[in-house]
Amino acid sequence: MASTLRDDLVTNDHASIETAASAILRSCCRCGQEFQSSSRELVCSDCRKPKLTRQLSFREKQIVDLVRQAKANKEIAFDLHLSEGTVKEYMNRIFRKLEVKSRTELAIWALTESH
Ligand SMILES: [Zn+2]
């Protein structure tokens with residue numbers, strides 16, 4: 001049994017060296033879709049993209065929701081019992097995370113993205 005196990009290990013090593021040398025078609029371990037893998041990537045490029053909605057904290061989602069309702073920072077601050085400065089900080093963080101430049105873009109993002 002011990003020698004069989006060793007043979008398996010050698011075979012596996014050989015296979016991974018070949019994988020590193022040339023691009024192969026691999027099926028993504030998350031979505032199962034076939035993709036070109038040039039290294040040891042196990043997931044396709046789509047699955048490697050961050051899921052934006054998941055990056056937002058509960059509080060950030062609340063703020064996005066209020067921006068979608070066209071509320072001003074002052075109103076958002078009032079609704080969430082925060083200071084206006086804190087809301088601005090949250091806004092900047094959300095802008096960076098979602099790669100948007102304005103609250104208008106953020107509102108559009110919120111309308112098109114299901115979350
Ligand atoms: Zn995938």
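Leu56 is a good place to enter this structure: the residue sits in the loop between helix H3 (52–55) and H4. Helices here are DSSP runs of H or I with at least four residues, strands are runs of E with at least two, and both are numbered from the N terminus. The model is a predicted one, in which local features need pLDDT of at least 70 and side-chain atom pairs count only at pLDDT 80 or more, while totals for chains, interfaces and linings use all residues. Residues are numbered from 1 along each chain as its sequence is written.

Is Leu56 partly exposed or buried? With 18 C-beta neighbours inside 10 Å, Leu56 is classed as partly exposed. The classes rest on C-beta atoms placed from the backbone: a residue is buried if 20 or more others lie within 10 Å of its own, exposed if 12 or fewer, and partly exposed in between. Leaving aside residues up to four places away in sequence, Leu56 touches Lys61, Val64, Ile94 and Lys97; such a contact requires that the C-beta atoms of two residues, placed from the backbone, lie within 7 Å. Leu56 and Leu98 are 42 residues apart in sequence, and their C-alpha atoms are 9.0 Å apart in space.

Stepping back to the whole protein chain, one finds 7 helices and 2 strands. Their order along the sequence follows the pattern α-β-β-α-α-α-α-α-α. Of the 115 residues in the protein chain, 10% are buried. Among contacts between residues at least 6 apart in sequence, 35% join residues at least 24 apart.

The two strands come next. Strand S1 (residues 24–27) and strand S2 (residues 34–37) run antiparallel and are joined by 4 bridges; strands are taken to pair if DSSP finds at least two bridges between them. Within this pairing, Ile24 stands opposite Ser37 in S2, and Leu25 has Gln36 as its bridge partner. S1 and S2 form a hairpin with 6 residues between them, and Gly32 in the turn has a positive phi of about 80°. After the hairpin, Leu42 lies in the loop between S2 and helix H2 (45–48). Leu42 is partly exposed, with 13 other C-beta atoms within 10 Å. Its C-alpha atom is separated by 7.8 Å from that of Ser27, a residue 15 places away along the chain.

How do the later helices meet? H4 packs with H6 at an angle of about 95°, and their axes are 10 Å apart. The axes are lines fitted to C-alpha atoms, for helices over the stretch in contact, and the angles run from 0 to 180 degrees between N-to-C directions. H4 is therefore roughly perpendicular to H6, given that angles under 35 degrees count as roughly parallel, over 145 as roughly antiparallel, 65 to 115 as roughly perpendicular and the rest as oblique. On the H4 side the contact is made by Arg59, Glu60, Ile63 and Val64, and on the H6 side by Val87, Tyr90, Met91, Arg93 and Ile94. This contact has 6 nonpolar, no polar and 3 charged residues, where Ala, Val, Leu, Ile, Met, Phe, Trp, Tyr, Cys and Pro count as nonpolar, Asp, Glu, Lys and Arg as charged, and the others, Gly among them, as polar.

H4 also packs with helix H7 (residues 103–112), at an angle of about 100° and with axes 9 Å apart. These two helices are likewise roughly perpendicular. Val64, Val67 and Arg68 of H4 meet Arg103, Leu106, Ala107, Ala110 and Leu111 of H7, a set that divides into 6 nonpolar, no polar and 2 charged residues.

Helix H5 (residues 73–80) packs with helix H6 (residues 84–98) at an angle of about 105°, their axes lying 8 Å apart. H5 and H6 are therefore roughly perpendicular to each other. Asn73, Lys74, Ile76 and Ala77 of H5 and Glu84, Val87 and Lys88 of H6 make the contact, with 3 nonpolar, 1 polar and 3 charged residues between them.

Which residues of H5 are buried? They are Asn73, Ile76 and Ala77. These residues lie on the same side of H5 because they cover an arc of only 100° around the axis, the arc being that of the directions from the helix axis to the C-beta atoms. The buried residues of H5 pack against helix H4 (58–68) and H6. H5 is followed by His81, whose phi is positive, near 55°.
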